[in-house]
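Reader: I would like to see how the labels in a structure description are earned. Please take a few and show the reasoning.

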Amino acid sequence: MFREERGLLLASLVRRFGDLDLAEEVTSEAIEAALRHWPAEGVPARPGAWLLTTARRKAVDRLRRDRAYAARLAVLRADAERDEALAPAADATGAGELPDERLQLFFTCTHPALAAEDRTALTLRCLAGLTTPEVARAFLVPTATMAQRIVRAKKKIREARIPFRVPGPDELPERLPGVLQVVYSVFTEGYAASSGPRLQRLDLAEEAVRLARILRRLLPAERETAGLLALLLLVHARRDARTGPEGEPVLLEEQDRARWDRAMIEEGRDLVVQALTGGPAGPYGVQAAIAALHDEAADVESTDWAQIVALYDVLLTLTPSPVVAVNRAVAVAMRDGPGAGLALLDALAGEPRLRAYPPYAVARGDLLTRLGRGREAAVAYREALESAGTEPERAALRRKLGE
C-alpha cells in the first residue's frame, strides 16, 4: 500500500508546497507515523487520505518553525501560480484530463534544465519509489555516484525554480523523450528487478504500463508513445511464464507460451503498426517490433531471427549502446550459430558498462556451453553470479555452475 500511495502522495505535496525535499521528508515521516499507529489502531478506511493529512500537518509544522524556509516556498508557490495562469488552455493538450498529478511531477523531474542522466534517476527515486542503490544498479554506477546525481537534480529544481506543470503543446514534443525514457526505466526495473527476493516487481511494471497509457492518451499523434506502450505490453504479456513455481527465472525458449497474455499481445501488435507507420521509426517502435516477432512465433526455432537481427541493426543506428549490441549478438547466435554470436560478445569485452551487467556474462556462458567449452562457461557464470542482483538469478546461476 505504501508503494502504491507514495507517488500520489509525493506529487500532491510537491503541488501544494512546491519543494521536492520537503515533500519527500514529510512523506517519509507520515509513513513512519503510520507504522507506529496502524498496528495498534488499525488501518484506516482511506489510508491514502490519512497519509496525506498527516504529511500536510507535518509540512505546515515545519514551515511554522522555519520562517526563512516558509518565505522561500512562498516564492516558489507564487511562481507556480503565475505559470499556471500563463499556460495554454488545458483542453488544447488534454492535460486537464490527467487522472492524477504524478505525470506533472514526471515532467518536472525530466525538465531540460536538468542533466539527462539526472532526470531518470530523480524520477525513479521519487515517483517509482526505488531506493538509491536500486537506481544505481539500473544505471550500472556506484551508489555514491547516484546519490550525488539525485541531490544535484533536486538542487537544480529548487534553484532554477522549475515549475510543477505539464508543458504546453509547443513544448511537449521536445520534452517527451525524457518522459518516455523514465517510464521505460521504471518498467525495466519491474521486468528484471535490480535486487531483492523476486525476479520481477510486477507493481512497478504495471505502474509503467499505466503511465504509458496516460502518455498515449495525452499525445495520440506521437508515434513513439504508441511504440513505448506497445513494447511494454508485448514484454509484460510474458510475465506469468517468466518464473517457475519457486520464483526461478524461465528462459524464453523454455517458457510455456500458452501462458502468455494473448489480449495484451494483440493490443501491442496493433500499436506496433501505428508506431511504424507515417515516417522513420523511433527506438521504442523498433524494440516493440522485435518483441512482436518473439510473441508471434510458436517457438524459438520458428522465430524470424533474420528479421530480428535486421531490426537490431536499425536500433544500433538510433540508440547505439553496449546493451543493444549484446542483444544483437544473441540474435546473431540464434541465426548463424553460437560461434558467430560469441565472436561478437568477445569483441565487447572491453566495454566498461558490461562489467557489472550480468546478462552479458550469462550470454557468454550459454554460448560457450553450446560450443562444449565447459571450463570457460563456468568462469563466465561465476562472473555473472558476482553481479547478479536478485536471489532467483543467483540460484539459477548456481544451478548452471553445478551442471
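Author: What follows is a short set of questions about labels, each settled by a value and a definition. The model is predicted: local features need pLDDT of at least 70, side-chain atom pairs count only at pLDDT 80 or more, and totals for chains, interfaces and linings use all residues. Residues are numbered from 1 along each chain as its sequence is written, and side-chain values use heavy atoms, with hydrogens and water left out.

Reader: Why is Asp-295 called buried?

Author: Buried means under 20% relative accessible area, exposed over 50%, and partly exposed in between (1.4 Å probe, protein chains only). Asp-295 has 1%, so Asp-295 is buried.

Reader: What makes the pair of Tyr-184 and Tyr-284 edge-to-face?

Author: Rings of Phe, Tyr and Trp (its six-membered ring) pair if their centres lie within 6.5 Å; planes under 30 degrees apart count as stacked, over 60 as edge-to-face and the rest as tilted. The centres of Tyr-184 and Tyr-284 are 5.6 Å apart and the planes stand at 70°, so the pair is edge-to-face.

Reader: Why does Tyr-284 count as buried, and why is Tyr-184 called partly exposed?

Author: Tyr-284 has 7% relative accessibility and therefore counts as buried. Tyr-184 has 23%, so Tyr-184 is partly exposed.

Reader: What makes Phe-187 and Tyr-191 a stacked pair?

Author: Their centres are 6.3 Å apart, with 20° between the planes.

Reader: How do you know that Arg-242 lies over the face of Tyr-191?

Author: A charge sits over a ring if NZ of Lys or CZ of Arg is within 6 Å of the ring centre and within 35 degrees of the ring normal. Arg-242 lies over the face of Tyr-191, at 3.7 Å from the ring centre.
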